Amino acid sequence: MVSTTTLPISISPAKSLTNITVIPQFPQNPKTLILHRCKTTRDLNQVHAHLIKTRLLLNPSITENLLESAALILPDAMDYALSIFRNLEEPDTLAYNIIIRSLTLKPSPLDAIVLFIKMVENSIQPDEFTFSSVLKACSRLRALGEGEQVHSHIVKCGFKSNGFVVNTLIHMYAVCGELEVARQVFDGLPERNVMAWNSMMAGYVKNERWGEVVELFRKMLGLGIGFDEVTLLSVLTACGRVANLEMGEWIGEYVEANGLKGNIALVTSLVDMYAKCGQVDKARRIFDRMDKRDVVAWSAMISGYGQANRCREALDLFHDMQKANVDPNEVTMVSVLYSCGVLGALDTGKWVDFYVKKKKMKLTVTLGTALIDFYAKCGCVGDSIEVFNRMPSVNVFSWTALIQGLASNGQGKRALDYFKLMQEKNIKPNDVTFLAVLSACSHAGLVEEGRNLFVSMNKDFGIEPRIEHYGSMVDILGRAGLIEEAYQFIRNMPIQPNAVVWRTLLASCRATKNVEIGEEALQQIIRLETPHSGDYILLSNIYASAGRREEALRVRNQMKEKRVKKVAPGCSVIQLNGVIYEFFAEDKVCPHSEEVYKATHHMMKRIKAAGYVPNAADGRLDAEEDDKQQASVSHHSEKLAIAFGLIRTRPGTTLRISKNLRVCTDCHNATKIISKVYNREIIVRDWNRFHHFKEGSCSCNDYW
């Protein structure tokens with residue numbers, strides 16, 4: 001515990017009291033004058049001078065009014081308050097309380113604790129307000145040791161059953177991560193009012209122990225204890241996190257039945273809860289019925305759309321928010337950036353970055369990391385690095401976002417350089433960081449580095465590899481053509497491989513034309529879960545690449561017999577001048593279909609003249625196949641999006657395409673030639689990685 005006998009605060013004397021202003025008809029009880037009519041330090045200085053002259057300053061209650069005005073009401077008058085306090089001959093409990101409370105509220109919680117120590121040393125009896133304030137100071141500093149010693153004083157002074165004090169004590173232990181102790185304090189209360197229940201729930205919320213919040217509320221209901229709107233806010237937040245729709249709907253009905261729809265915070269929490277429970281349309285209906293919508297409500301609904309992968313609707317709602325003249329906050333920006341990253345909506349995301357700079361918003365770790373991730377997902381790794389460099393502080397998540405961004409954009413060696421720099425800065429990587437660096441090794445073909453990092457996880461950092469890390473190692477070996485080693489690695493795994501691990505191996509077999517292991521991988525997938533169309537298509541491509549067309553057609557027929565359908569059709573997205581355009585294979589109903597198909601025909605004609613030869617197999621077997629109609633390779637979704645981008649942008653403009661499936665071989669070959677013929681840089685993001693096409697080559701080196 002902090003121990004000292006003097007205040008570590010620089011206390012300057014009160015201002016010179018020359019030229020004292022005489023106040024006519026000074027009231028006998030000047031409380032109103034001091035607390036309500038003194039608007040500046042100068043006003044207070046004049047009153048102070050009069051109190052000294054008339055010796056009214058010797059009256060403790062008047063002195064405490066003066067202290068309260070300087071310490072708690074007037075801005076920037078704390079030094080003046082401390083000067084008054086230091087000159088008191090025998091400050092009482094109330095005087096100490098005022099200064100301790102003020103130091104706690106202002107950025108001086110350590111000084112509040114030190115003053116409490118001095119108070120105890122001077123044998124001044126603390127009261128419930130003293131303990132409440134000093135415990136809040138301990139909470140702000142997460143000073144568990146000091147908080148525990150304050151707890152001892154609480155017991156000695158007979159306040160262990162005081163609800164006001166115990167509520168703050170529960171909060172202190174919860175903030176310091178000692179939830180079990182907080183619960184012991186809570187359970188030890190002879191009588192628990194709604195404030196005590198709320199404090200305990202708030203502690204669970206603070207530590208993201210969502211299940212305990214719901215269970216505590218159930219217990220509260222079972223005991224017939226009344227709750228208030230603060231209780232419901234905590235419980236709704238928890239319901240959203242654990243997807244407890246039943247409890248959330250019960251609260252929604254309670255809000256409706258008891259006329260609480262006017263509480264914006266409560267209704268916003270309902271919107272957030274329904275969205276997190278997958279009921280986005282119901283959340284939107286509640287949102288639309290709100291009489292007033294503040295920035296928190298807008299942010300909750302935008303975030304809900306993003307979490308439901310309805311990112312276009314998220315951005316549409318953000319534009320509505322702008323039209324409503326509601327200024328976004330950091331939470332809004334983070335949600336919008338997420339949706340921009342998913343869609344590759346570079347223009348909208350850049351606007352967010354510009355707005356942050358224009359409004360001089362603090363580039364917090366959360367906001368900065370969201371910007372890094374957004375730029376990386378749009379293929380702008382240079383901008384990601386620029387944001388990273390201008391952030392005032394970064395944490396492991398910021399480093400990880402940057403490393404992952406570099407890895408997915410084909411800059412594996414640079415990603416590893418940042419990983420080394422991260423360690424030099426004494427930032428300890430976490431399990432997600434290792435997923436990022438293993439991904440970097442995979443895309444850059446750094447097999448030996450990948451092996452070393454995989455071993456280093458546990459050996460040097462004490463991080464136990466998860467199934468995802470084993471899958472990454474399989475990917476590293478498979479991409480390097482080491483299929484047999486990858487197969488044996490799976491067989492020797494200490495944990496049961498899942499379908500994703502086997503699917504990774506199956507995809508690797510395509511490049512090496514390893515039919516035998518490909519067949520084994522598919523059988524393992526079928527054993528573990530119901531396979532989807534992509535699994536069969538991968539095996540078909542392996543057969544086709546090995547020249548075994550009959551087996552490839554047999555797999556196609558199996559798909560038809562088992563009625564295996566594609567989970568989602570191939571879709572490519574391009575944003576031009578802030579507008580997002582979607583294209584599907586053989587899509588003849590889009591608003592610009594005639595223009596798009598004419599441009600596509602012209603584009604295909606030009607690249608054929610430059611040496612492009614269509615890969616007919618991709619029209620039948622690859623990711624854009626339809627059960628009833630074979631899509632022409634010329635009309636795959638990314639080709640339509642690229643053609644549209646070529647005619648709607650100036651020569652030399654970089655085109656950015658986002659696709660929901662893996663890029664097929666034909667489209668990959670075609671895009672390389674398009675980049676050369678049209679002298680364009682084309683950045684395509686598929687479900688797995690980025691492809692930076694330029695001057696006839698791709699950053700993936702033709703392996704993805």
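Which residue is the bridge partner of Val573 in β2? In this predicted model, the bridge partner of Val573 in that strand is Glu582, and the pairing belongs to a set of six bridges through which β1 and β2 are joined in the antiparallel sense. The two strands form a hairpin with two residues between them. Asn577 lies in the loop that connects β1 and β2, and its phi is near 55 degrees, a positive value in a residue other than glycine. Asn577 is also exposed, since its relative accessible area is 73%.

Strand β1, which covers residues 571-576, contrasts with the exposed turn residue Asn577 in that six of its six residues are buried. Cys571, Val573 and Gln575 point one way from β1, while Ser572, Ile574 and Leu576 point the other way, and burial applies to both sets. Besides its pairing with β2, β1 pairs with β3 in the antiparallel sense over three bridges. Within this second pairing, Val573 stands opposite Ser658 and Ile574 stands opposite Ile657. Val573 thus faces Glu582 in β2 and Ser658 in β3.

Strand β3, residues 655-659, is likewise mostly covered, with four of its five residues buried. Four bridges join β3 to β4, and these two strands run parallel, in contrast to the antiparallel pairing of β3 with β1. Across the parallel pair, Leu655 has Ile682 as its bridge partner, and Ile657 stands opposite Val684. Ile657 therefore has a residue opposite it in β4, Val684, as well as one in β1, Ile574. Taken together, six strands form an open sheet in the order β2-β1-β3-β4-β5-β6, with mixed pairing. The edges of this sheet are occupied by β2 and by β6 (697-698), each of which has a single partner strand, so one side of each is left without a neighbour in the sheet.The sheet also contributes to an internal cavity. A search of the whole structure finds one cavity of 30 Å³ or more, and the largest cavity has a volume of about 60 Å³. Its lining consists of Gly344, Lys377, Cys378, Arg656, Ile657, Ser658, Ile683, Arg685 and Phe690. Both β3 and β4 (682-685) supply at least two residues each to this lining, and β3 gives the most, with three residues. By class, the lining is made up of four nonpolar, two polar and three charged residues. Two of the lining residues, Ile657 and Ser658, recur in the strand pairing described above, where Ile657 stands opposite Ile574 and Ser658 stands opposite Val573.

Contacts between aromatic rings were examined next. The structure holds 24 aromatic pairs. In one of these, the rings of Phe583 and Phe644 have their centres 5.4 Å apart and their planes at 55 degrees, so the pair is classed as tilted. Phe583 lies in strand β2 (residues 579-584) and Phe644 in helix α35 (residues 637-648), so the pair ties together parts that are 61 residues apart in sequence. Each ring belongs to a buried residue, the relative accessible area being 3% for Phe583 and 0% for Phe644. Elsewhere, Phe217, Phe227, Trp250 and Tyr254 form one aromatic cluster.

Aromatic rings also take part in contacts with charged side chains. The charged end of Arg192 sits over the ring of Phe186, at 4.8 Å from the ring centre, and the charged end of Arg241 sits over the ring of Trp210, at 5.0 Å from the ring centre. Phe186 can further be placed relative to Gly163, from which it is separated by 23 residues in sequence and by 9.9 Å in space, taken from C-alpha to C-alpha. Gly163 itself lies in helix α9 (residues 163-175) and, at 25% relative accessibility, counts as partly exposed.

A positive phi is also found in a loop between helices. Arg142, although it is not a glycine, has a positive phi of about 50 degrees, and this residue lies in the loop between α7 (128-141) and α8 (144-156).

Technical notes: Residues are numbered from 1 along each chain as its sequence is written. This is a predicted model: local features need pLDDT of at least 70, side-chain atom pairs count only at pLDDT 80 or more; totals for chains, interfaces and linings use all residues. Side-chain values use heavy atoms; hydrogens and water are left out. On a 1 Å grid over the protein atoms alone, a cavity is a set of points where a 1.4 Å probe fits but cannot get out, and a pocket is an open set with protein on both sides within 12 Å along at least five of seven lines; lining residues have an atom within 4 Å of a point. Grid points are joined across faces, edges and corners, and a volume is the space filled by probe spheres set on the points. Ala, Val, Leu, Ile, Met, Phe, Trp, Tyr, Cys and Pro count as nonpolar, Asp, Glu, Lys and Arg as charged, and the others, Gly among them, as polar. Rings of Phe, Tyr and Trp (its six-membered ring) pair if their centres lie within 6.5 Å; planes under 30 degrees apart count as stacked, over 60 as edge-to-face and the rest as tilted. Buried means under 20% relative accessible area, exposed over 50%, partly exposed in between (1.4 Å probe, protein chains only). A charge sits over a ring if NZ of Lys or CZ of Arg is within 6 Å of the ring centre and within 35 degrees of the ring normal. Two strands pair if DSSP finds at least two bridges between them.
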